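Got your viewer open? Let's take a short walk through this one, selecting a few things as we go.

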Amino acid sequence: MGDILYKIKDLEIKSYSEDGHLVILDKINLTIKKGEKLGLIGETGSGKSMLGSALMDLVPRGCLISGGAISHYFDSFRSTSSPRGVKVSMISQDPMQSLNPLQTIETQFSIILMKRFGYNKNKAREHILKWIQKVYLHDVPGILDRYPHQLSGGQMQRVMIALAMSVDPEFIIADEITTGLDANIKMEILNLLFSFQKDLEISVLLISHDLISVQKYCDRIAVLKSGKIIDVDDTKTIINKSDDEYTQTFRILPNRTPKQKPENNSEPILYVKDLYKTYGSNKDTVSALNGVTLEIYKGETLGVIGESGSGKTTLVKTTLNILERDSGDMILRTNINESNLTKPNRKIGAVFQDSMGSLNPRMGVYDILREPLILKGVKEPKTIKTKIIGMLEKVHLGLNLLQSFPDQLSGGQRQRVSIARALMLDPRILILDEPTSALDIYTQEKILDLLKEIQTQNNLSFIFISHDLGVVSEISDRIAVLYKGNIIESGKTNDVFINPSHDYTKKLIDSNAWMDKNANI
């Protein structure tokens, strides 16, 4: 086989349910060479992550390899044995789902190294410190004693790169690893990964719906559409093919213009005042929110922007009262009632970035949507069924998906289910935390259109948190800029984006322009 590392021949994977089967990967033929950087692009639901999982011998429950074969040619392994965790590592798009929330970073790292190399605790710690320094996390206070939720998205992804590289792999599968990260951190993460690839001469499969990033780093590109490889060639050839409309759509950025509505003179429906939150203690104390104050009005969308680590996710969790704040008030006004929120309230719903992680993998869609009603005390089956059917229609999903599990749905379908679940208890406010970041451009547009439609129908208020300024500008009426736990600038969308007053906001806008500047590479 020479320089071939993996050979995929006529691979077919199907998912099975009570309604029959669905072909997810259809006769895939692909080779991966030793030391190469191969990009895999395709729209949301095209089968990219499934192919990555198959290479790791991790085909999810409910899915089976129904045809074809995957052969690997690692020097020390027979083709029938699994090199997972020894010769092959994976970095996934959501490190929070890959890392154990109950264990510190050092504990998780140590378990892997002890199993892989037979290290004792001292030897493992020495190896850990080496890789923590290599991914530039050694200056983070108490990094090894922290839990995953105490790290920013960029920090968690660096931990995942360190974990993946520490086992001395020959092949890395990087599956949408910059999802949810701002443009600057995105470049840092990719530069870091491919600097290791170059130094150690390992193979990398970069899975993404972002052709701009793939073309910057990869030697070859494979294009996946509806479970089929429709093209594979060197990067320059793929990029220059003018006859492939599907491939070229991944290079075209949507023409988004800032949203602007007349000034809202009504009273705020939610008022957040002097919100403080810290992590750690003593010398390792990290301040995540420093007196954050903001208000949200009925029927409007407040966009919250900031770099990874600025405090966006902490703001979400404290506003939802799933994370206890140190101090501050959150006043919710509904009709004539006013209350200071200190625990979760059904008037505030949430849709998160990771639809797979936020949906129970053991529940079908019907049970996922039924659960909020059961918890509220609704018991009448007919009432529950009517509500669920109506909600599926509202988010434009077919009734044929009712018995499907989350891993049998595309990313766009799962996010629609997440939106439907958030609406089941008729909230007045939805907090949307990076709801489109894991989706390709055109699925993003469909979800944004759906959110606008639902907002108009229900007169909902949105708090829309994102690093993607294009998405935020399209849906937001006002903008709040978060920097190191502080709101440093706020105002109407047009005013903030066209005439930013703070240097940090200008930097954010310039860094997001990285995508536009590279679109014509």
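## Stop one: the largest cavity

Start by selecting strand 7 (203–208) and helix 7 (211–217), since each of these supplies at least two residues to the lining of the largest cavity. Keep in mind that you're looking at a predicted model. Which of the elements gives the most to this lining? That would be strand 7, with 3 residues.

Now show the whole lining as sticks: Glu176, Ile177, Thr178, Leu190, Leu206, Ile207, Ser208, Asp210, Ser213 and Val214. Colour them by class and you'll get 5 nonpolar, 3 polar and 2 charged residues. The space they line has a volume of about 50 Å³.

## Stop two: the second largest cavity

How many cavities of 30 Å³ or more are there? The count comes to 2, so let's visit the other one. For the second largest cavity, select helix 10 (312–319) and strand 17 (461–466), each of which supplies at least two lining residues. Helix 10 gives the most here, with 3 residues.

The full selection is Val272, Leu294, Leu315, Val316, Thr319, Ile431, Ile463 and Ile465. Try the class colouring again: 7 of these lining residues are nonpolar, 1 is polar and none is charged. The second largest cavity holds about 40 Å³ of space.

## Stop three: a pair of helices

Next, pick helix 5 (residues 153–166) and helix 6 (residues 183–200). Two packed helices are described by the angle and the distance between their axes. For this pair, the axes come within 10 Å and cross at roughly 10°. With angles under 35 degrees counting as roughly parallel, helix 5 and helix 6 are therefore roughly parallel to each other.

Zoom in on where they touch. From helix 5, show Gly154, Gln157, Arg158, Ile161 and Met165. They meet Ile185, Glu188, Ile189, Leu192, Leu193, Phe196 and Leu200 in helix 6. Sorted by class, the residues of this contact are 8 nonpolar, 2 polar and 2 charged.

## Last stop: colour by confidence

Finally, switch the colouring to pLDDT. The chain averages 85, and 91% of the residues score at least 70. Then select residues 514–521, where the pLDDT is below 50. In the model, this stretch has 18 contacts beyond near neighbours in sequence. Where pLDDT is low, though, the predicted coordinates should not be read in detail.

Technical notes:
Residues are numbered from 1 along each chain as its sequence is written. This is a predicted model: local features need pLDDT of at least 70, side-chain atom pairs count only at pLDDT 80 or more; totals for chains, interfaces and linings use all residues. Side-chain values use heavy atoms; hydrogens and water are left out. On a 1 Å grid over the protein atoms alone, a cavity is a set of points where a 1.4 Å probe fits but cannot get out, and a pocket is an open set with protein on both sides within 12 Å along at least five of seven lines; lining residues have an atom within 4 Å of a point. Grid points are joined across faces, edges and corners, and a volume is the space filled by probe spheres set on the points. Helices (H or I, at least four residues) and strands (E, at least two) are DSSP runs, numbered from the N terminus. Ala, Val, Leu, Ile, Met, Phe, Trp, Tyr, Cys and Pro count as nonpolar, Asp, Glu, Lys and Arg as charged, and the others, Gly among them, as polar. Axes are lines fitted to C-alpha atoms, for helices over the stretch in contact, and angles run from 0 to 180 degrees between N-to-C directions. Angles under 35 degrees count as roughly parallel, over 145 as roughly antiparallel, 65 to 115 as roughly perpendicular and the rest as oblique. Contact means heavy atoms within 4.5 Å. pLDDT is the predictor's confidence in each residue, from 0 to 100.
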